[in-house]
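Visitor: I would like a close look at a single part of this structure, taken slowly and with its surroundings included. Please walk me through that part and then show how it sits in the whole.

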Amino acid sequence: RAMGAAAGSSQHFCGPMAKQQRMAVLTGAAIVAAGSPWWPLLNWALPIVLGIVAAGSVITVFRRTSRIIHELESR
């Protein structure tokens, strides 16, 4: 996003795992994982959510990069 802006593109905050979505998902996972001392099955909440965030971040990178490229090529 920042490199695209430096190249003359507008700021793109789109994607399934933009900062707001990452923070919301991780906050929810932390709340769920807080119950793990009483229900051990919840120990998997954070690793699963971190995998989801990582996959969503990769999609976000490709989506933003694609939009930046299209915007810069259309100029």
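Guide: L50 counts as partly exposed, because its relative accessibility is 49%, and this residue is found in helix α3. The model is a predicted one, and every value given here is to be read with that in mind. L50 and R22 are 28 residues apart in sequence, yet their C-alpha atoms are 9.4 Å apart in space.

The helix that holds L50 is a good part to examine closely. Helix α3 covers residues 45–73, and I52 also lies in it. With 29 residues, α3 reaches 42 Å from its first C-alpha to its last, which is close to the 42 Å expected at 1.5 Å a residue. The buried residues of α3 are A45, V49, V53, G56, T60, R64, I68 and E71. The cover over these buried residues includes α1, residues 2–6, and α2, residues 19–33.

I52 shows another side of the helix. I52 counts as partly exposed, since its relative accessibility is 47%, and it takes part in a nonpolar surface patch of about 810 Å² that is made by W38, W39, L41, W44, I48 and I52.

I52 is also one of the residues in contact with M17, which brings a loop into the picture. M17 has its place in the loop between α1 and α2, and it counts as buried because its relative accessible area, 9%, is under 20%. Leaving aside neighbours within four places in sequence, M17 is in contact with R22, V25, I52, V53, G56, S57 and T60. Among these, V53, G56 and T60 belong to the buried residues of α3, while R22 is the residue whose C-alpha lies 9.4 Å from that of L50. A separate C-alpha distance can be given for M17 and A54, which are 37 residues apart along the chain and separated by 8.6 Å.

Towards the C-terminal part of the chain, the side chains of E71 and R75 meet in a salt bridge, with 3.1 Å from N to O, and the structure holds one salt bridge. The two partners differ in how much cover they have: E71 counts as buried, because its relative accessibility is 18%, whereas R75 is exposed, with a relative accessible area of 64%. E71 is, in addition, listed with the buried residues of α3.

Two further residues help to place the other elements. A2 lies in helix α1 and is exposed, with a relative accessible area of 55%; its C-alpha and that of H12, ten residues apart along the chain, are separated by 8.9 Å. G35 is found in the loop between α2 and α3, and it counts as buried at 17% relative accessibility. The C-alpha atoms of G35 and R1 are 34 residues apart along the chain and 36 Å apart in space.

Seen as a whole, the protein has three helices and zero strands, and from the N terminus on its elements run α-α-α. The radius of gyration is 17 Å, well over the 11 Å that the globule rule gives for 75 residues, so the protein is more spread out than a compact globule. The C-alpha trace spans about 60 × 15 × 15 Å along its principal axes, and α3 itself reaches 42 Å from its first C-alpha to its last.

Of the 75 residues, 27% count as buried. The protein exposes about 5300 Å², and carbon and sulfur atoms supply 71% of that area. Among the contacts with a separation of 6 or more, residues 24 or more positions apart account for 68%. The pairing of M17 with A54, 37 residues apart along the chain with 8.6 Å between their C-alpha atoms, and that of L50 with R22, 28 residues apart in sequence with 9.4 Å between theirs, are two places where residues distant in sequence can be located in the model.

Notes: Residues numbered from 1 in each chain as written. Predicted model: local features only at pLDDT ≥ 70, side-chain atom pairs only at ≥ 80, totals over all residues. Heavy atoms only, no water. Patch = residues over 30% accessible without salt bridge, like charges linked within 9 Å, V, L, I, M, F, W, Y side chains within 5 Å. Areas by Shrake-Rupley, 256 points an atom, 1.4 Å probe, with all protein chains shown as cover. Salt bridge = Lys/Arg side-chain N within 4 Å of Asp/Glu carboxyl O. Helix = DSSP H or I, 4+ residues; strand = E, 2+ residues; numbered from the N terminus. Buried < 20%, exposed > 50% of the residue type's maximum accessible area, 1.4 Å probe, protein only. Expected span 1.5 Å × (residues − 1). Contact = heavy atoms within 4.5 Å. Rg over C-alpha atoms; globule rule 2.2 N^0.38 Å.
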